[in-house]
Amino acid sequence: MSDVTRARHGRPVHHWRRDVVELAALFTAVAAADGVANLIGHGPDGPALLVISALVLAATAGFHVWWARRPGHAPPVTDTDTGARPTVTPTGQAGPGADAPGTEAAPSTLWRLRTTVRDEPGSLAALCTALAGHRVDILSLQTHPLGDGTVDEFLLRAPGELTAAEITRAVALAGGTDTWIERADAHDLVDAPTRVLGLATRTALDAAELPLALRQLLGRCTIRSLPAHPVGGARSPETVPVEGALEDTVMRLRAPEGGVITVERPYLPFTPTEFARARALVELDARLGPRIPRSQDVLTLPEGNAITVRRADTGDLEAAKAMHERCSSRTLGLRYHGPVADADRYLNHLLSPRFGRTLAVQTASGRIVGLGHLLWDGDETEVALLVEDEWQRRGIGGELLGRLVGMAVEAGCESVYAVTQASNTGMVAAMRALGLPLDYQIEEGTLVITARLDAVAVTGLSRAGEAGRAEAP
């Protein structure tokens, strides 16, 4: 403490010399004040002396304020919350972290960068030093060991004026090779363990999430699931070892149901670390077995009939075949675009959660009267509808389509497409009722309608079912 000292047990210790000095100062001040009062009150120049004293005091106070505010003599400013002092540059401006209130930070850009460096001490340090020289902040780093080097994957925050070419040039000068860079977004700020755990949780809850989880795990890639026994007599896929196979930009994994999952990424080779992560995710899916969420919604149609919309899988195969038998040849022809006799052969594939998601519409008696499919088709996503003849024109098709497109949005799909015939006005009306940008392509009577899932346009998808009830198949 400044005025007293404390003894070993915390009690203040007073010094008699300090008390005597303070008492003498007090008497001196009283005597000086009395003398000044007598001089001003009884002297001939008392008022003038009083004015002069006031001016001198004001001038002294002004000089003291000016001197204290000079940059070289200003007292250090401390943060009111932490007490920390901001760094001060030679020009007297506060350094990083001490921006003045109301100032905006310079614009920055997020980048994902991957490069290969030599597996020797100092390689990574040289790379980080080169990035720091361009004021690039490293937000996260993952390392992928190779036989003769290491692949380092960075999430960077760089100044907005810094281009991708400038960053890659700096990396190359620091010893990086096979460099790849692309823009990142806020979703990439999640650290790798958290992202992998989230993908594992989604896969554990729903078998249809496996292709989507692999795509999010590995970035932009093409994923194809080939069944062990393809429909229509196609050639069976080549078998792969139980542990899978990695060939530069292509990895093949043994599908849980016996087929093959092929993952391709032509622009960037896969690393053994990525291959191990993908294999672990597929193994988790295989151990858990077939599964789908069992939630369901009960809806009332305009005429008063109650229907249930729920997820469906191969356990509904017999009920789906029974619906086929009740459908007319025209309805089946519009749906499958081929011989009606082969319709049942597609159901086992369509209902499998490995290839997409299926919604079923069920009546109060338990009959399935409508099916909607969201199918993963490599980089694209297909939607398909089938509604029993007696239940058409009641809004069931619009309800299914709105829900399927909503699932596609949640899965991060950029677009969905529907393949039908130009004469299928019900399907065309249901797609138009979504309120999404549509592209049409017609070839020999086959109509392909592609809906772009723009972020602004999908805000009204929750009402898509109601909008399409009047015209849906």
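Start by selecting Leu 374, Ile 396, Leu 401, Val 416 and Met 431: among the 36 residues of the largest nonpolar core, these touch the most other members. Keep in mind as you look around that this is a predicted model.

Next, colour the elements that give two or more residues to this core. Among the strands, pick S12 (306–312), S13 (356–363), S14 (368–377), S15 (380–387), S16 (415–421) and S18 (446–452). Then add the helices H11 (396–410) and H12 (425–432). Which of these elements gives the largest share of the core? Helix H11 does, with seven residues.

Now zoom in on Val 416. Leaving aside neighbours within four places in sequence, Val 416 is in contact with Leu 374, Thr 381, Val 383, Val 405, Ala 408, Ile 449, Thr 450, Ala 451 and Leu 453.

Apart from this core lies another one, of 18 residues. To find this second core, select Leu 214, Leu 218, Met 251 and Leu 253, which are among its members. In soluble globular proteins, nonpolar side chains tend to be buried together.

For a contrast, go to Pro 290, in the loop between helix H7 (272–288) and strand S11 (296–300). Is Pro 290 buried or exposed? Its relative accessibility is 68%, so Pro 290 counts as exposed. Try a distance label from Pro 290 to Thr 314: they are 24 residues apart in sequence, and their C-alpha atoms are 9.2 Å apart in space.

Finally, zoom out to the whole protein. You will find 13 helices and 18 strands, and 38% of the 473 residues are buried. With the surface switched on, you are looking at about 27400 Å² of exposed area, 56% of it supplied by carbon and sulfur atoms.

How values were computed:
Residues are numbered from 1 along each chain as its sequence is written. This is a predicted model: local features need pLDDT of at least 70, side-chain atom pairs count only at pLDDT 80 or more; totals for chains, interfaces and linings use all residues. Side-chain values use heavy atoms; hydrogens and water are left out. Helices (H or I, at least four residues) and strands (E, at least two) are DSSP runs, numbered from the N terminus. Buried means under 20% relative accessible area, exposed over 50%, partly exposed in between (1.4 Å probe, protein chains only). Accessible areas come from the Shrake-Rupley method with a 1.4 Å probe; for residues, only the protein chains shown count as cover. A nonpolar core is a set of buried Ala, Val, Leu, Ile, Met, Phe, Trp, Tyr and Cys residues joined through side-chain atoms within 4.5 Å. Contact means heavy atoms within 4.5 Å.
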